[in-house]
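Trainee: Could you take me through this model one topic at a time, with the criteria behind each term spelled out as we go?

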Amino acid sequence: MKSKTMKLTLYMMTVVLLLLLVLAGYIFYNEQALPGAYQRVLNEAGQIAQNEAGNVEYADKTLNDTTALGYFPVDNTGKQVEGLSDLVNTFMDNQIVKQSDHDVVSFYYKKTDRGNGYMSYDLYKDVYKYGFGNYKKDTSSLLATQYYYGGRNLTFEGLFESFSLEKDDILSALMSTINQVTNEKEKQLLQASLSVDTLKTLGYIYNPDGFSVLVKQEDGMLSPVALNIDALVPYFKEHLLLSDAHKSIYQSRIAEIKEKREKLIASRLDEIIATIRNNGATNKVALTFDDGPRADTTPRILDVLKQYDVKATFFILGQNIAGNENLLKREVQEGHELGNHTFTHRSLPTLTDDEVKEEIGKTQKMIEDITGVKPKSLRPPYGAYNQKVAELAKLPIALWNIDSEDWKSRNVNSIQHQVLDTTIGGSIILVHDIHEESAQSVESLILGLRERGFEFVTFSELYQDGQVLPNVVYFSHNDARKAD
């Protein structure tokens, strides 16, 4: 009996010893295999990031043997896409502490063309777990969405057609939406953190499956809270609506919203114009082009604008569209703003009401049918307008305070001097994209204006929240007048 007990004990000790040896071997193997496994997961995560967003830059952070990888999309000039890195860094700091030792967490963006000049960047988090000498993806989750128009970040406010004008109604609808949140803790956090001032930096996730906002929890971590945004949908920009349900809600209420908007504009027009006229100094200028597109000059101008990452505004002449449809699409895809310059370049005040409507409406429809974008403004030929034209157009009237006079001089040096010697902050600069000399001048104008400290924006971006209004004539960032 004693012999059997000893044998059993020896057997058990042998088994335990073998298990310890196996465990030690496994630990040793895992430790030895870790550098190679890490390099493989780094390659895999980097390839995924490149596949989803194109060119990216990479950074990493390590805490307690957990590594967070951050991938930042870069544009054609090699610069990081504005506004994306801060969110990645926030999540890297917030979520790395939640992982186990040797986990690798990859944060990367998926880039999607939403049409009409809009792009979305969906931020994903992939978690890789280590075991048996290799990393395997364990989970993948969507964290946030960033929208861009013309290469610029679209804030939460930017989702709305007329936020600055309708902010009281939008905030009221937002608070009503928050009151529907059933989780009391989440509701209180939302109520405490949302205000007019915080909406510019509010993170959000919006896709066909739903809408969430990113809220900082008590532990400092950002997490999404789902919202039913039905009450907010009618105030959205129509082309940003992603679900059929939201599109249906929008169509059912937009007539009512538009009527209310028009009354609000009429009642506040004097106040709005006074605010513009009180705008302070700025280094922003709007470079605008008339009469195109033209097959031999417009593409060269677009090439230069792209090379120097400048966004401009093109006022399209309808009769020049046929055969140049791809140029309109390119202008939108590269983030430029489109305006209406009528169809045949006739002086609008000399026309009948029906002729005015046709000149504007025909071009408006062609541009929208080709690009999906509704021109934001009208530049009447020769700058000629009257109250009747403004009322029939139902568009902001975009004039200028700096005329390159390229149409008159047809001389590169004259164009350069005319613009560089007279431009001040807040100017709207008139050039034509149909003249050879104008195309030759664009690069020197950009370099010369930048040398003088100016920053380029589109016409509407000269004004608060990009909001420009019908029945208002705009000459510069602090010169707007009633169209009467």
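**Helices, turns and a buried proline**

Mentor: Gly 335 comes after H7, and its phi is positive, near 90 degrees; helices (H or I, at least four residues) and strands (E, at least two) are DSSP runs, numbered from the N terminus. The model is predicted, so that local features need pLDDT of at least 70 and side-chain atom pairs count only at pLDDT 80 or more, whereas totals for chains, interfaces and linings use all residues. Residues are numbered from 1 along each chain as its sequence is written, and side-chain values use heavy atoms, with hydrogens and water left out.

Trainee: What is the radius of gyration of the chain?

Mentor: The chain has 12 helices and 18 strands. For its 484 residues the globule rule (2.2 Å times the number of residues to the power 0.38) gives 23 Å, and the chain is well over this, so it is more spread out than a compact globule. Along its principal axes the C-alpha trace spans about 120 × 50 × 40 Å. The radius of gyration, taken over C-alpha atoms, is 29 Å.

Trainee: What share of the residues in the chain is buried?

Mentor: Buried means under 20% relative accessible area, exposed over 50%, and partly exposed in between, computed with a 1.4 Å probe on protein chains only. Applied to the 484 residues of the chain, that criterion gives a buried share of 49%.

Trainee: Against which elements do the buried residues of H7 pack?

Mentor: The residues of H7 that are buried are Leu 327, Leu 328, Arg 330, Glu 331 and Val 332, a list in which charged residues (Asp, Glu, Lys and Arg) stand beside nonpolar ones (Ala, Val, Leu, Ile, Met, Phe, Trp, Tyr, Cys and Pro), the others, Gly among them, counting as polar. Taking contact as heavy atoms within 4.5 Å, the elements that these buried residues pack against are H6, strand S11 (313–316), strand S12 (337–340) and H8.

Trainee: What is the handedness of the crossing of H6 and H7?

Mentor: Axes are lines fitted to C-alpha atoms, for helices over the stretch in contact, and angles run from 0 to 180 degrees between N-to-C directions; on that basis the axes of H6 (residues 298–307) and H7 (residues 325–333) come within 11 Å and cross at roughly 15 degrees. That makes H6 roughly parallel to H7, since angles under 35 degrees count as roughly parallel, over 145 as roughly antiparallel, 65 to 115 as roughly perpendicular and the rest as oblique. A crossing is left-handed if the near helix is turned anticlockwise from the far one by less than a right angle, and right-handed if clockwise. The crossing of H6 and H7 is left-handed.

Trainee: Which residues of H7 and H8 make the contact between them?

Mentor: The axes of H7 and helix H8 (residues 353–371) come within 9 Å and cross at roughly 70 degrees, which makes H7 roughly perpendicular to H8. By class, the contact of H7 with H8 holds 4 nonpolar, 1 polar and 2 charged residues. From H7 the contributors are Glu 325, Leu 328, Lys 329 and Val 332, and from H8 they are Ile 367, Ile 370 and Thr 371.

Trainee: At what angle do H6 and helix H12 (residues 436–451) pack?

Mentor: Arg 300, Ile 301, Val 304, Leu 305 and Gln 307 in H6 meet residues of H12 that include Ala 439, Val 442 and Ile 446. This contact has 6 nonpolar, 2 polar and 3 charged residues. H6 and H12 are roughly parallel to each other, with their axes 9 Å apart and an angle of about 5 degrees.

Trainee: How far apart in space are Pro 396 and Leu 378, C-alpha to C-alpha?

Mentor: Pro 396 lies in the loop between helix H9 (387–393) and strand S13 (397–398), and is buried at a relative accessible area of 4%. Beyond its neighbours within four places in sequence, Pro 396 contacts several residues, among them Leu 378, Val 468 and Tyr 474. Pro 396 and Leu 378 are 18 residues apart in sequence, while their C-alpha distance is 6.1 Å.

Trainee: What is the omega of the peptide bond from Gly 292 to Pro 293?

Mentor: Most residues other than glycine have a negative phi, and most peptide bonds are trans. Pro 293 sits in the loop between strand S10 (284–290) and H6. The bond from Gly 292 to Pro 293 is cis, with omega near 10 degrees.
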